[in-house]
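Dear colleague,

I am passing on the structure that we spoke about, and my notes on it follow below. Please read them with the coordinates open beside you.

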Amino acid sequence: MNEQRLQQHLREVFVPEQREAEVRGWRVVHGAFEARHPVHVKPRLNRLAIALALGLLIAGIALSPAGAKMADLVRDVVEPGNAQPALTSLPAGGRLLVSSPEGPWIVDQDGSQRLLGSYQEAAWSPSGLFAVVSRGRQLTAVDPVGTVRWSLAAKRPVSNPTWSPSGGRVAYMSGSSLRVVAGDGTGDRLLVGHISPVAPAWRPLSEPVPAGQVAIGPRTNVLAYVDRRRRVTVRDVDSGDLLWQSHRLALPIRELQWSTDRRRLLVRTASFVVFLDGRGQAIRRVTWPTLGASMSPGNGRTAFVRQAEHGRSDVLITGRNGSGPPRRVLTRSGRITDPTWSPDGKWLLVTRPGADQWLFIRPARRVRVEAVANISRQFAPGTTGQPPFPRTNGWCCNR
């Protein structure tokens with residue numbers, strides 16, 4: 001263990017009566033200030049005395065365990081010299097899809113950005129040749145420069161669009177109903193009348209489809225969704241067959257995600273994550289309050305964002321299905337969200353809205369973190385005031 005790692009572990013050790021020590025320290029300083037005698041000095045000397053007193057106070061605090069925690073907090077908020085002022089490139093191949101108040105953007109590996117149009121939600125096609133976007137009651141497919149390929153109007157507002165790995169189907173919600181349309185915009189039809197407002201998840205194929213091609217055959221388009229009774233339901237979209245259904249979960253489900261080998265389905269609630277097998281049976285449960293979870297493309301690792309104490313968030317890496325001891329690769333004050341793996345599974349992007357940052361994490365043996373600041377303005381050019389923080393919608397694809 002090197003000195004840097006040792007310092008990190010020491011900072012993370014829980015300090016008994018830490019808050020009480022801070023309060024006692026403040027009382028001492030405040031009492032000394034109230035008991036001071038008024039002294040008239042020249043302005044230059046007064047400034048020097050203040051600077052000296054502040055220096056002694058800071059040094060005293062820094063030497064205490066509570067001071068170490070305070071120093072961590074200052075570094076979390078300011079992070080001097082660590083955060084790049086703008087996104088100039090991605091640390092891995094592929095492209096990002098990002099939703100902002102202006103609409104969805106595509107971010108290339110060299111950092112260049114293109115606005116697709118004035119849409120609300122967006123999702124990649126399987127090879128990244130297209131994106132499906134929504135606005136109001138409109139569902140639209142566009143290419144990477146924003147050219148419309150097809151569009152249809154629904155009876156109710158459209159949400160949670162997602163393109164199947166086969167390339168042949170697009171699922172979306174219209175109000176509370178689940179509908180499916182072909183990848184060329186034809187054959188729009190109702191699949192289920194009422195479901196929970198959770199984005200459905202397509203089961204991956206055993207082999208990826210080459211760019212520009214469409215896979216066909218039995219059990220090619222299999223979709224997982226959450227019904228009105230909080231049960232995970234998996235259905236063959238083409239035949240309509242119900243393949244399996246889980247037991248009712250105790251808490252509302254927030255997210256579904258398949259493993260790339262198709263053997264597991266990650267189901268996330270606010271208080272726990274459960275992994276289901278190919279028959280809907282629970283094989284592992286992780287009981288952390290989570291802000292996000294994501295399985296790596298290679299199936300070997302799972303990333304969790306855990307709510308920690310004192311308003312902090314931890315990014316943890318575990319083995320397959322959340323197995324093995326969790327390894328903390330990042331901890332920061334405030335809320336961390338949207339864990340997104342790079343296509344090669346070597347980098348993890350997480351977002352930090354309170355600090356207006358993206359954090360790219362390489363969770364290798366020696367963890368590497370690259371922070372990028374001023375994210376909101378990069379996806380809302382010309383906006384006055386502080387624009388809302390954007391959301392990441394997927395990192396696709398190795399080409």
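**Notes on the strands, sheets and turns**

Cys397 is found in the segment after S29, and the peptide bond that leads to this residue from Cys396 is cis, with omega near -10 degrees. Please keep in mind throughout that this is a predicted model.

**Confidence**

The protein averages a pLDDT of 84, and 79% of the residues score at least 70. Over residues 6-81, however, pLDDT stays under 50, and for this stretch the model has 33 contacts beyond four places in sequence. Where pLDDT is low, the predicted coordinates should not be read in detail. I have therefore left the internal arrangement of residues 6-81 aside, given that pLDDT stays under 50 there.

**The sheet that includes S29**

S29 belongs to an open sheet of four strands, which has the order S4-S3-S2-S29 and antiparallel pairing. The edge strands of this sheet are S4 and S29 (391-396), each of which pairs on one side only, and neighbouring strands are turned against each other by 20 degrees on average, direction ignored.

Within this sheet, S3 (residues 103-107) has five of its five residues buried, so this strand is largely enclosed by the rest of the structure. S3 pairs with S2 (residues 95-100) in the antiparallel sense over five bridges, and a hairpin joins S2 to S3 through two residues. Two of the pairs can be followed by residue: Leu96 stands opposite Val107 in S3, while Ser99 has Pro104 in S3 as its bridge partner.

S3 also pairs with S4 (residues 113-115), again in the antiparallel sense and over three bridges, and here the bridge partner of Ile106 in S4 is Arg114. The hairpin of S3 and S4 has five residues between the strands, and in this hairpin Gly111 takes a positive phi near 90 degrees.

**S9, S10 and S11**

Which strands pair with S10, and how is each pairing made? On one side of the account is S9 (residues 158-163), which runs antiparallel to S10 and is joined to S10 by four bridges; among the residues concerned, Ser159 has Met173 in S10 as its bridge partner. S9 and S10 form a hairpin with five residues between them, and Gly167 in the turn has a positive phi of about 85 degrees.

The other partner is S11 (residues 177-182), which pairs with S10 in the antiparallel sense over six bridges, with Ser174 standing opposite Ser177 in S11. S10 and S11 likewise form a hairpin, with two residues between them, and Gly175 in the turn has a positive phi of about 65 degrees. As for S10 itself (residues 169-174), this strand is mostly covered, since five of its six residues are buried.

**The sheet from S21 to S24**

A further open sheet of four strands has the order S21-S22-S23-S24, with antiparallel pairing. Its edge strands are S21 (290-295) and S24 (327-333), each pairing on one side only, and neighbouring strands of this sheet are turned by 15 degrees against each other on average, direction ignored. In the interior of that order, S22 (residues 302-307) and S23 (residues 312-318) run antiparallel and are joined by six bridges, and the bridge partner of Phe304 in S23 is Leu316.

**Two loop residues with positive phi**

Beyond the glycines already named, two residues deserve a look when you inspect the backbone. Asn321, whose place is in the loop between S23 and S24, has a positive phi of about 60 degrees although it is not a glycine. Is Asn321 buried or exposed? With a relative accessible area of 14%, Asn321 lies below the cut-off of 20% and is therefore counted as buried.

Arg219 likewise has a positive phi, of about 55 degrees, although it is not a glycine, and this residue lies in the loop between S13 (201-202) and S14 (222-226). At 37% relative accessibility, Arg219 counts as partly exposed, because that value falls between the limits of 20% and 50%.

With kind regards

How values were computed. Residues are numbered from 1 along each chain as its sequence is written. This is a predicted model: local features need pLDDT of at least 70, side-chain atom pairs count only at pLDDT 80 or more; totals for chains, interfaces and linings use all residues. Side-chain values use heavy atoms; hydrogens and water are left out. Buried means under 20% relative accessible area, exposed over 50%, partly exposed in between (1.4 Å probe, protein chains only). Two strands pair if DSSP finds at least two bridges between them. Axes are lines fitted to C-alpha atoms, for helices over the stretch in contact, and angles run from 0 to 180 degrees between N-to-C directions. pLDDT is the predictor's confidence in each residue, from 0 to 100. Contact means heavy atoms within 4.5 Å.
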